[in-house]
Amino acid sequence: MVAVFNKELLSWYLITLKLKETVDAGIPTSSRSIQSPTQHPSDELHIEINAEPESQKHGPKSPESDWMIAVREKLELAKKDDVAGTWGKLCIYKVPQYLKDGEDKAYIPNIVSLGPYHHGKKRLRNMDRHKWRAFYQILKRCDQGPKLFLDSIREVEERARECYEGQITISSNEFVEMMVLDGCFVLELFRGAAEGFMKLGYSRSDPVFAMRGSMHSIQRDMIMLENQIPLFILDRLLGLQFGQPDQKGLVAKLALQFFDPLMPTDEPLSKSDRNRMESSLGYASPFDPLSDQTYLHCLHVFRQSLLRRGPQMEPRRWIKRWSHSSRVADKRRTQLIHCVTELKEAGIKFKKRKTDRFWDIKFKNGVLKIPRLLIHDGTKSLFLNLIAFEQSHLDCGNEITSYVIFMDNLINSQEDVGYLHYCGIFEHWLGSDADVADLFNRLCQEVVFDINDSYLSELSEKVNRFYNHRWNAWRASLMHNYFSNPWAIISFVAAGILLILTTAQTFYGVYGYYKPPS
């Protein structure tokens, strides 16, 4: 800096100032260079004040020091992630990138976001005002203020955060508000589907809270793995409405009723058939969502209802004999069974099995019985999210994955789909049989699966043994070529009779020659 002042006046001022600083501080100051009044003959004095930056006094910082600070910060973050018990509470996962493989639409919500993973995305913000409407209707019916709900969820905020993967960066207030709004929105849909939306105070022409065409798309969004709310949050919010904050189980029951249209089967069973099947599976009572209090979220509830506590009817002795828990699954060994066309040629027949458990496949005496499966535009997203949950959650079996891979092996072409449709096993609303074949062939492209760790492994082994028996193939070829229609059967019988008569005539001719009548 350069300043120009009157020479005589400024000289006395600077001398006085420096003397005062020396007396007060007790140390000389050399950070400024002062030119004496006698150094220049001119009437003006030029003073240059050079203040060096603090960083230059201590010298330039070493780049390595910044790098080491960053390393230590990352290690501290890793230490927090490695705390015992943190991973065990995780239950709402981000779908691994290797599973997506161009199928992002099946995992990313299209209308409504629930939870932090897709919170605040611009294209999903239109539903936010309807979430506030749901919260308002609940407060109006309960005659309560918002503080009751917000304070109650704040008590379990940390537990809710631990359910999600990675660090949730949104603030405490925003996280609690999100849990309350999203949870109340879900509960209003559940109760509206069960009790009727008009009974809850919504208009018959409501754009969201009514059984309209958009409800199917909302249901598909709400069943996605990345779009889940912890079930204990929903239980608590519903309990606050009824004055029972500790109630559990009712939300699971409402969820099953709401997601019923997504069920991949609609096979009706009589009460006697259901009781007989339950007893054959060793269940004392039918599936009851209120009996289990360990559900994690709505997708988990839906999966358990599909499995009816899991397909563990057959003992897994074969699996235990051949599998090793320490062995890594080999992606090259995912072939369980041959396709429909090849099995038909080996003499295996296909029949529809009467049960509402689509996974409960049976094989006996050369007949493969497969339950009926409904395939619609939401089937792909449903199966992909169920598979992603099974691939991510440690305490989850692989029953859905096993079923899908088994069906993928059965279906190699549209002809295979057509034959299963002819047998009543498939019912679909897609464009063509080729679309169904493509759907199953793409569902498990990137899934790493151990064929020995499948509830269908023993059944597949029985089918393959039947397939490899040559006599079965010959018999099937005979039936196909000579007994496939009535005219072929008549021709075969006529040829047989003709062959018998010709043989008899030849015999009697030779016999008469050697032993003529006397």
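**Internal cavities and the packing of H18 against H19**

In this predicted model, the analysis of enclosed space yields three cavities of 30 Å³ or more. The second largest cavity holds about 90 Å³ of space, and its lining is made up of 14 residues, of which Leu99, Leu384, Arg442, Leu443 and Glu446 are the closest to its centre. When these lining residues are sorted by class, eight are nonpolar, one is polar and five are charged.

With respect to secondary structure, at least two residues of the lining of the second largest cavity come from each of helix H4 (97-100), helix H16 (379-392) and helix H19 (433-443). The most is given by H16, which supplies three residues to this lining.

Helix H19, one of the contributors to the cavity lining, also packs with helix H18 (residues 414-422), the two axes lying 8 Å apart at an angle of about 105 degrees. Because angles of 65 to 115 degrees count as roughly perpendicular, H18 is described as roughly perpendicular to H19. On the H18 side the contact is formed by Gln414, Val417 and Gly418, which meet Asp433, Ala434, Val436 and Ala437 on the H19 side. Divided by class, the residues of this contact between H18 and H19 comprise four that are nonpolar, two that are polar and one that is charged.

Key. Residues are numbered from 1 along each chain as its sequence is written. This is a predicted model: local features need pLDDT of at least 70, side-chain atom pairs count only at pLDDT 80 or more; totals for chains, interfaces and linings use all residues. Side-chain values use heavy atoms; hydrogens and water are left out. On a 1 Å grid over the protein atoms alone, a cavity is a set of points where a 1.4 Å probe fits but cannot get out, and a pocket is an open set with protein on both sides within 12 Å along at least five of seven lines; lining residues have an atom within 4 Å of a point. Grid points are joined across faces, edges and corners, and a volume is the space filled by probe spheres set on the points. Helices (H or I, at least four residues) and strands (E, at least two) are DSSP runs, numbered from the N terminus. Ala, Val, Leu, Ile, Met, Phe, Trp, Tyr, Cys and Pro count as nonpolar, Asp, Glu, Lys and Arg as charged, and the others, Gly among them, as polar. Axes are lines fitted to C-alpha atoms, for helices over the stretch in contact, and angles run from 0 to 180 degrees between N-to-C directions. Angles under 35 degrees count as roughly parallel, over 145 as roughly antiparallel, 65 to 115 as roughly perpendicular and the rest as oblique. Contact means heavy atoms within 4.5 Å.
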